[in-house]
Amino acid sequence: MRIVADENMPLVEEFFGEYGEITRLSGREMCADQLRDADILLVRSVTPVNAELLEGSRVRFVGTATIGFDHIDRDYLDQHGIGFASAPGSNAESVVDWVLSSLLLLDEQDGRVFTERVVGVVGAGNVGGRLLSRLRALGVTCLVCDPPRAEAEGEEGFVELDELLERADVVSLHTPLVSEGRHATFHLLNEQRIEALRSDQVLISAGRGDCVDSEALKARLQRDPGLRTVIDVWENEPAIDEALYRLATIATPHVAGYSLEGKMLGSEMLYQAVSRFYGLPARRSLGQMMPENWLKRIALSGRAPPMEALRLCARSCYDVRRDALLMERYRRHYGMAEGFDLMRKEYPLRREYSSLRVELKRSAGAVREMLEHAGFSIRDKRRK
Ligand SMILES: NC(=O)c1ccc[n+]([C@@H]2O[C@H](COP(=O)([O-])OP(=O)(O)OC[C@H]3O[C@@H](n4cnc5c(N)ncnc54)[C@H](O)[C@@H]3O)[C@@H](O)[C@H]2O)c1
Ligand SMILES: O=C(O)[C@H](O)[C@H](O)COP(=O)(O)O
């Protein structure tokens, strides 16, 4: 079999090597001519997979190693009997780490503690749901807006979007991009909703760029820089609006989900899907390939103040500041569009909170609880 895969997907050779011959291509530049004799196509979010790309090819299976699949024309695949898989949940924990790191950075900027803010989560699926679990375990008051879930599960525990936007101190967007239908999310945050936000609120955007009307957001921030924004996903990536980029409080180039764990798991999920589709054995597993975090452990005394300990562990493992500073460096050297993509291609190693072992005595009640709830792996401190 001939397998064509995005050059930015890890472990393709390790997983798929025994299934066939692998060709690596730039995801943004992939075109129909390069797919003529391909059987399997493995992409990430930057490749629109549609009639234009697939017409005339013999591709029988398409996989995207991402959670979002708004770049895939599912109807076309169904109509042509082409198998499909995405990687649901693969990098969800990574996005949650990114949100927590952003909240901790905002705390530093304004001398508050995020656990005292009301956080509104819009879209409570794999990402939003895990964010809610960690925040609630940390004692944060949360509001949830997810109309499809509210319809299926009953209204209790859910609020309307406009109520959430009014009551939350922090609004965190985690919806998929859906262009049509009753629950469409294209410009879910439209001009009217953006105008209605209070200057003391924080808007976090980590779903898809098109869920927010960026022209309206830019106009609002130009008029009122008080409103703070944490933006990972943008309209028109990679050629994003530089003025909006400059107005954002924290800006990263669509890397919230870029932990090593998240990217590798995406590849493994596609490997398993291909194995099921073709009835081939899946002999490899991620466990064999996932390296240990080079920061093996942090040992803390039970006297560590819980919030200080959380800041220390979070910064040691992943600090969103690194990515915001790096993005600015890439922009200055290469310009926005090229810098945006190059940083994603060369993205430095990042591990999830769960990969960091924190050693604490069993009796270290409050600090132990806080770190565990934030997502770190807690181990009992050994006696000397
Ligand atoms: N920034 C990143 O790096 C990154 C990483 C992973 C995923 N994402 C994006 O985040 C999206 C969500 O990921 P997920 O894993 O939670 O997906 P998911 O499918 O598990 O959950 C999405 C949730 O959004 C809800 N939803 C749908 N329409 C809605 C609406 N109009 N209003 C409110 N809620 C609505 C759904 O009911 C569902 O519960 C993905 O589709 C992807 O586009 C971004
Ligand atoms: O949907 C997803 O999983 C994320 O947005 C993912 O991190 C996108 O990464 P990309 O495919 O653009 O490399």
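A polar contact here is a pair of N or O atoms within 3.5 Å. Keep that cut-off in mind for the close-ups below, which all come from a predicted model.

**View 1. Polar contacts of ligand 2 with Arg344, His254 and Asn91.** Start at Arg344, where an N or O atom of the side chain lies 2.3 Å from an oxygen atom of ligand 2. Turn next to His254: its side chain places an N or O atom 2.6 Å from an oxygen of ligand 2. For Asn91, the corresponding distance from a side-chain N or O atom to a ligand 2 oxygen is 2.9 Å. On its own, ligand 2 has 350 Å² of accessible area, and the protein covers 94% of that.

**View 2. The shell of residues around ligand 2.** Here you can find Arg44, Ser45, Thr66, Ile67, Gly68, Asn91, Arg208, His254, Tyr258 and Arg344 around the ligand. Sorted by class, this shell has 5 polar, 3 charged and 2 nonpolar residues.

**View 3. Cys211, a cysteine in no disulfide.** If you are looking for disulfides, the structure holds 0. For Cys211, the nearest cysteine sulfur belongs to Cys145 and is 12 Å away, whereas a disulfide needs two cysteine sulfur atoms within 2.5 Å. Cys211 has a relative accessible area of 3%, so it counts as buried.

**View 4. Cys317, also in no disulfide.** The nearest cysteine sulfur to Cys317 is that of Cys313, 8.7 Å away. Is Cys317 buried or exposed? Cys317 is buried, because its relative accessible area is 13% and the limit for buried is under 20%.

Definitions and conventions
Residues numbered from 1 in each chain as written. Chains lettered and ligands numbered in written order. Predicted model: local features only at pLDDT ≥ 70, side-chain atom pairs only at ≥ 80, totals over all residues. Heavy atoms only, no water. Near = heavy atom within 4 Å. Polar contact = N/O pair within 3.5 Å; in protein donor to acceptor, adjacent residues only side chain to side chain. Areas by Shrake-Rupley, 256 points an atom, 1.4 Å probe, with all protein chains shown as cover. Nonpolar A, V, L, I, M, F, W, Y, C, P; charged D, E, K, R; others polar. Buried < 20%, exposed > 50% of the residue type's maximum accessible area, 1.4 Å probe, protein only.
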